[in-house]
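Hi there,

Here is the structure I promised to hand over. Have a look at it first, and then read on for my notes.

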Amino acid sequence: MAVVFTVHGAVAGGFATRIPWIRDQLELGTGPLGVALVFATVGAAASMPLAARLAHRHGPRAALRLLIVLCCAGLALPAAAPGPVWLCGALLLYGAGLGISDVAMNAQAVQVEERMGRSVMSGLHGMWSVGTLLGGGVGALAAHFAVDARVHLTLTVPVLAVIGAVAAGRTPDVRAEPGIEAPPHFALPGRGVLAVGLIGFFAVFAEGASMDWAGIYLRDVTDASPGLAAGAYTAFACTMAVARLSGDAVVRRLGPVRTVRTSGVLATAGGLLVVAAREPAAAVTGFALIGVGIAVVVPLCFAAAGRTASGAPGQAIAGVATLAYASGLAAPAAVGWIAEFTSLPVSFALITVLLCGLVPGAGVLRADPPGSAPKAAPGPAGQPSAPGP
């Protein structure tokens with residue numbers, strides 16, 4: 001599972017670092033770029049609810065193998081687009097592959113975590129961040145040496161696809177219990193899932209905005225060089241990776257609520273620093289703090305969502321993922337639209353307001369994660385994130 005998460009992260013990281021190249025190649029302003037990026041949101045939102053049904057019908061291992069390959073293939077499409085209209089179509093397919101494979105691997109990861117009896121989600125998401133760091137690092141080097149993004153990403157696709165397919169083929173085939181009906185193509189999430197998803201919404205909105213706009217923010221606001229601008233995303237991904245790899249131990253010590261509240265304070269401080277920054281070092285530091293602050297929020301949201309469902313966690317995870325990651329893919333478009341009429345610092349000021357919401361909203365994650373210290377068995381009131389019957 002760890003390698004699959006790494007490959008998926010490398011796809012996202014590789015794309016994020018070449019967005020400035022795509023913007024310059026097609027001569028797009030912040031507004032038109034934001035419009036194009038919203039098509040990735042549409043593709044992800046439309047595909048995410050299908051993941052649980054595919055896994056039920058074909059088995060999680062086979063579904064994950066296919067979906068991770070499709071996710072990798074989509075990486076080459078945006079840079080190859082000859083114009084804005086083609087870019088919108090390419091981003092639609094890219095977002096669909098990224099979204100549906102994300103739900104599939106997280107649903108299986110929750111099953112693995114429950115069978116292992118200890119918290120592993122933060123570590124797996126840490127490997128995803130390692131992947132974004134690797135993909136972003138290669139992208140930063142390619143940008144520094146002025147390598148054409150079409151060449152860079154086309155050569156990257158087969159490498160990641162082969163690694164991802166082999167790794168997915170070796171994951172546990174955790175199938176649904178006999179007699180469980182196939183999940184519906186689409187179902188409205190319950191109140192408990194919505195509450196968890198809202199916390200994920202805040203964190204992933206900031207993550208998506210930082211991933212896709214950190215480089216442009218440094219270029220346009222702090223007048224950084226192309227190589228240093230791409231390095232801002234690398235710093236963001238690096239701090240997220242470190243925080244997530246150590247996150248399981250922190251969660252076991254502090255519990256999910258205190259962990260997320262502390263994270264919210266750090267992320268808010270980072271957002272304020274980004275808004276105030278007018279030189280590269282301060283902006284890079286701010287993005288790094290945002291990375292630390294939001295690192296463990298999404299893994300805890302997925303784990304909490306998986307515990308709200310009995311026998312079919314994939315559907316609950318799809319609900320949270322659709323809210324969270326659709327927001328992350330919508331964030332780049334929203335940032336572009338707001339910046340078109342105001343400025344990029346104003347866009348990130350609004351993101352900072354969302355990050356403040358992590359502090360009071362952390363209570364919905366109060367349920368103990370796997371592997372935490374044993375306590376008296378709680379009743380329904382001890383698990384506020386669980387939906388009603």
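Below is what turned up, going from the surface to the interior.

Please keep in mind that this is a predicted model.

Let's begin on the outside. V35, F39, V42, L92 and W337 come together as a nonpolar patch on the surface, and their accessible area adds up to about 400 Å². The element that gives the most to the nonpolar patch is helix 3, residues 30-47, with three residues. F39 is a good one to click on: this residue sits in helix 3. Its relative accessibility is 32%, so F39 counts as partly exposed, since that class lies between the limits of 20% for buried and 50% for exposed.

Now for the inside. The largest nonpolar core comprises 111 residues, and F287 and F348 are the ones with the most contacts inside it. Helix 10, spanning residues 191-221, gives the most to this core, with 16 residues. If you would like to see the surroundings of F287, leave aside residues up to four places away in sequence; F287 then touches S210, A214, Y217, L218, F236, V274 and F348. F348 therefore shows up twice, as a contact of F287 and beside F287 among the residues with the most contacts in the core.

One last residue to look at is T352, which belongs to helix 17, residues 344-356. T352 has a relative accessible area of 5%, so this residue is buried. Again not counting residues up to four places away in sequence, T352 touches T268, G271, L272 and V275.

Happy browsing, and best wishes

Key:
Residues are numbered from 1 along each chain as its sequence is written. This is a predicted model: local features need pLDDT of at least 70, side-chain atom pairs count only at pLDDT 80 or more; totals for chains, interfaces and linings use all residues. Side-chain values use heavy atoms; hydrogens and water are left out. Patches are made of residues with over 30% relative accessible area and no salt bridge: like charges are joined within 9 Å, nonpolar side chains (Val, Leu, Ile, Met, Phe, Trp, Tyr) within 5 Å. Accessible areas come from the Shrake-Rupley method with a 1.4 Å probe; for residues, only the protein chains shown count as cover. A salt bridge is a side-chain nitrogen of Lys or Arg within 4 Å of a carboxyl oxygen of Asp or Glu. Helices (H or I, at least four residues) and strands (E, at least two) are DSSP runs, numbered from the N terminus. Buried means under 20% relative accessible area, exposed over 50%, partly exposed in between (1.4 Å probe, protein chains only). A nonpolar core is a set of buried Ala, Val, Leu, Ile, Met, Phe, Trp, Tyr and Cys residues joined through side-chain atoms within 4.5 Å. Contact means heavy atoms within 4.5 Å.
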